[in-house]
Every structure is written in C-alpha cells, then in structure tokens.
Amino acid sequence: MRVAVIGQGYVGLTGAVALARHGHRVVGVEQDGERLSRLRAGEPAVYEPGLAEHLASVLRTGRLDFVGCLEEATAADPVDAVLLSVGTPPAPDGTANLSHVRQAVRQAALLEGSPLVVLKSTVPPGTSDALLAEHPHLRERYVYNPEFLNQGRALDDWQAPARTVVGTHAPAALARCRELYAWVSCPWVTTTPASAEMIKYASNAFLAAKISFANEVAGLCADGDLDIDDVILGVGLDPRIGPALLTPGTGFGDSCLPKDTVALAHWARERNIDTPLLDATIETNVRRPGLLVRTLLESAGGRLNGLHVAVLGLRYEPWSDDLRAAPSRAVIPLLHEHDAVVRVWDPAMTAEDLRRAAPRAVAHPSLASAVSGAHAVLVLTAWPELTGADWEELVPRMAEPRIVLDAKNCLPAPVLHRTPALYRSVGNRRPSRQ
Ligand code: NAD
C-alpha cells in the first residue's frame, strides 16, 4: 500500500519506519521545518534505541520519504491510507488540545481517492464521532487505532504489539486496516471508536495507578526493618499483579501518563462522574517532586540555601530523550525556590541541552565534577553510568553533609550504606541483602 503518516514524532516516525520495513511505500509528513530537514538528512528526529539503524536501512530500500505537507505527499501519486499521529498536548486547563488532530483530519478529508483514515493520536472518548460528524464522508473509511508503544521499545512494539485495538463504524475500513498491519499476529479488539478511545485512556490510567500505588507502598516502607525492594519484588511476582511499572521512584514522568490521566479526569468531571481512584493516582504523582525535595530538606536539617545540590540525570528514563513531563522539570525549580545552588549532569545531554532544560543551574560535563564538592546529590535517572559508578570513590569527594538521595532506587544500596554518605531512597533499602 502507499501510506502517508502525518506527524513524525515518537509515534509517527517509528510507525513510518515499521510500515516501510513491511513493504509499504511510505511518505512521512512533518510540518516542523527542523525535524523535517533532519529526517531528510537521514537523521532520526527523536531518540529511540535502534531507530537510526532501522531508518538508514529503510531509506536504502527507497520505500520511505519525507515531505512537509500532505499535498506534496499526494501530488504525484494518491495514497491508500493516511495515518494521523500528531500530538495531543495538554491545554492549560489539562484537557487534551485537539487542534493538531482537527487540522490533520481536515487535511486528510480533502484527499482524493478515498484512502483509509487511521487516527492514532490519544484523544478523549467521543472525539472520533465528533470528527465524523464534521466530515461524514469519512465514516466508511475511518478507524480509530490507538498506539500503545513504550518509548525505548517502540520499534519492537510496532513489530509485535500485545494487541491491536480498532474502533470503527465500517467493517470495510476494518478489513483495510488488517491489510495495512498484515504482519501483526496479536489479538485484535474491534469496537466502536469511543470504546477504543476509552481503552487507550483506561490503559494509561491503570499503568499510572500502578506507579502511584508503588510510591504509596514505598511511603509505608519508610524505615525500620522494611525493605522496599523485597516488598515490591514479592508483590509483583503475583501473576495477577505483575512487576511491570510497579516501580517506586520519581513518579510517572513520560510524556503520556501525566497528560492522559489529567485529560481523563477532566472528561469525567465534565460528565459529573466521580473518579476517586484516578484523582488519587494523579495527586500522588503531583506530590512526588515536593516529597523528594522535602526528603532532601529534612536530611539537610531543614535548609538547602547555599547548599550545592547535584541533580544527576534529567531524563525520566535513560532510553527516552522526551523531557516534556520529566520529573526533573518540576524538581529543579523547587530546589531553586529553596535557594540551593543546583548543578546538573546527564550523560546524554550536551552543555547546551542542559542549559536549555535548566537555565539557572550549573551544567557539569562529568559525573565526577558534578559530585565533587556537592553537599547533596539527587539521582533522577537510572543511568548505567550512575548504577555502575564507584560510589566509594565518589562520596568522599562530596562536601558535608554528603546526602545521596536515590530517587530511582537504582544505586547499589549496600555500597552506599558503606560510604560516609547519608543515603536516602524511596522507601527503606537495607544495608545488606541476602
Ligand atoms: P510528537 O509531538 O513527538 O510528534 C507529533 C508531530 O506531529 C510533531 O513533530 C508535529 O510537528 C507534527 N505535526 C502536527 N500537526 C501536523 C500536521 N498537520 N502535518 C504534519 N505534521 C504535523 O508526538 P508523539 O509523542 O509522537 O505523540 C503523538 C500522539 O500519540 C499523541 O496523541 C500521544 O499522546 C500519542 N502517543 C504517544 C506515545 C509516546 O510514547 N510518545 C505513545 C502512545 C501514544
């Protein structure tokens, strides 16, 4: 099939590469000039492990191309399908901003040749039906097909998703969608567009709840003979629960869970539906940055002013360069509010990246320089460079009171307990483990 993919971000670019790998002729449409020129130069515009290699290999086949607008994509040759993977960022009131989706659907609705229209962006339940009311001629060839990929595993998720959800009013559109994803062998859930939209939001709400729940359990395991790692391990091994995302730490900070949980809560409130579990999930997460800074404050005897605090890792996870909702963005301003002297280091970010992300902080080029002379360090990313560092050598370089707050519970606790640092984690971690 000839396929246009509108929006070349994390979802669209990985999707375009996956579709081209499976034999479709794909044109990626990107309106952001900088992203587009990087893509045209064969450079992935977003970071995803393996993407650079896969992009290079599909570009060699000649089956993938990039253009700046849909008209250009279809000028010479009509498309059989158009995927819409544009952003749905949070509006100031927390609702989903659907302006990019509306614009992309308007563009797709003008195409000649009746292509299949596949909306992949995450949108509130009822959005597809509202769009179809505006563009009734799309009804027989429209599907809502939410994307469930994990950043860091996006290409594998495109290759072998756990499920494919398709919401449509048109059996013919479903059949064309099966052709589009012919390589996929997972279970298909076919339903109404509104239910498919709710599946995506409910899935993200559940994942977010698992993270908030793990953080609540960590609060219960704050001291004494309790060990949060053992407790989480023991809970997660129950197959009804599972270990995935049962992770105490900085809270959810990818680009989707924060915005999608808040958008769902708004959607419910507009309908006078109570969502106490969802509200608590969000509230628990919103409190995380403040709690981490409070832990630092308490460890430092109630004052951070003038203390050098080294924030180690600005990314939410090592495998994602997506800082849109990373906890570092909330934690660093709070440290400034307490008049701490903030240092930042992240092995994947240049000095310029660090300055852009944390303009008032002092960017450090190496872990050793960030830690040397710092009164406290705050670990916000589970970088292998941190988990594998020689902490017995690093901690003595710090200045008193030498606080190490491991907000990802990723450092070797027994080693840290052996150093002169005041080692704090999210929930108690025992000095020795069996
Ligand atoms: P993104 O912001 O990284 O990329 C969107 C791209 O679309 C941008 O580059 C933007 O310039 C481009 N764009 C917007 N309107 C356009 C238009 N009319 N023509 C051409 N280009 C246009 O977004 P993303 O992270 O890929 O997410 C896309 C959607 O998928 C969102 O709704 C998101 O919630 C959802 N989603 C994201 C993930 C994820 O891990 N990032 C996972 C599942 C679902």
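A β-α-β crossover is termed right-handed if, with the strands pointing away from the viewer, the path from the first strand over the helix to the second runs clockwise. In the predicted model described here, this criterion is met by the unit made of strand S9, helix H13 (residues 328-337) and strand S10. The unit made of S10, helix H14 (residues 351-357) and S11 is likewise right-handed. The mean pLDDT of the chain is 97, and 100% of its residues reach 70 or more. For the complex, the predictor reports an ipTM of 0.99 together with a pTM of 0.96.

The strands named above belong to an open sheet of six strands, arranged in the order S11-S10-S9-S12-S13-S14 with parallel pairing. Its edges are formed by strand S11 (362-363) and S14, each of which pairs on one side only. Strand S9 (residues 308-312) runs parallel to S10 and is joined to S10 by five bridges; within this pair, Ala-310 has Arg-343 of S10 as its bridge partner. Arg-343 also takes part in the pairing with the neighbouring edge strand, where its bridge partner in S11 is Val-362. The S10-S11 pairing is parallel and comprises two bridges. Strand S10 (residues 341-345) is largely enclosed by the rest of the structure, because four of its five residues are buried.

At the other edge of the sheet, strand S13 (residues 403-406) pairs with strand S14 (residues 422-425) in the parallel sense, over four bridges. The connection from S13 to S14 passes through helix H18 (residues 413-418), and this β-α-β crossover is right-handed. Two of the bridge partnerships may be specified: Val-404 is matched with Tyr-423 of S14, and Asp-406 is matched with Ser-425 of S14. The loop between helix H17 (391-394) and S13 contains Pro-401. The peptide bond from Glu-400 to Pro-401 is cis, with an omega near 10°.

The domain assignment divides the chain into domain 1 (2-189) and domain 2 (204-425). The C-alpha centres of the two domains are 33 Å apart. Contacts between the domains involve 14 residues of domain 1 and 13 residues of domain 2.

The largest nonpolar core has 126 residues, and those with the most contacts inside it are Ala-4, Ile-6, Leu-84, Val-309, Val-311, Leu-312 and Leu-378. Helix H9 (residues 193-220) supplies the largest share of this core, with 10 residues. Because domain 1 (2-189) and domain 2 (204-425) both give residues to the core, it lies between them. The surroundings of Leu-378 illustrate the packing: when residues up to four places away in sequence are not counted, Leu-378 touches Leu-292, Leu-296, Val-309, Val-311, Leu-312, Leu-405 and Ala-407.

Helix H9 also contains Asn-215. Asn-215 is classed as buried because 23 other C-beta atoms lie within 10 Å, against a threshold of 20 or more. With residues up to four places away in sequence left out, Asn-215 touches Pro-248, Gly-251, Thr-284 and Arg-288. By contrast with these contacts, the C-alpha atoms of Asn-215 and Leu-39 are separated by 39 Å, the two residues being 176 residues apart along the chain.

Positive phi values in residues other than glycine were examined at two loop positions, Leu-245 and Asn-272. Leu-245 is located in the loop between helix H10 (228-236) and helix H11 (257-270), and its phi is near 60°. This residue has 17 other C-beta atoms within 10 Å, and Leu-245 is therefore partly exposed. Asn-272 is located in the loop between H11 and helix H12 (276-299), with a positive phi of about 55°. Asn-272 has 6 C-beta neighbours inside 10 Å and so counts as exposed, the limit for that class being 12 or fewer.

Technical notes. Residues are numbered from 1 along each chain as its sequence is written. This is a predicted model: local features need pLDDT of at least 70, side-chain atom pairs count only at pLDDT 80 or more; totals for chains, interfaces and linings use all residues. Two strands pair if DSSP finds at least two bridges between them. pLDDT is the predictor's confidence in each residue, from 0 to 100. A nonpolar core is a set of buried Ala, Val, Leu, Ile, Met, Phe, Trp, Tyr and Cys residues joined through C-beta atoms within 7 Å. Domain bounds come from an automatic or database domain assignment. Two residues are in contact if their C-beta atoms, placed from the backbone, lie within 7 Å.
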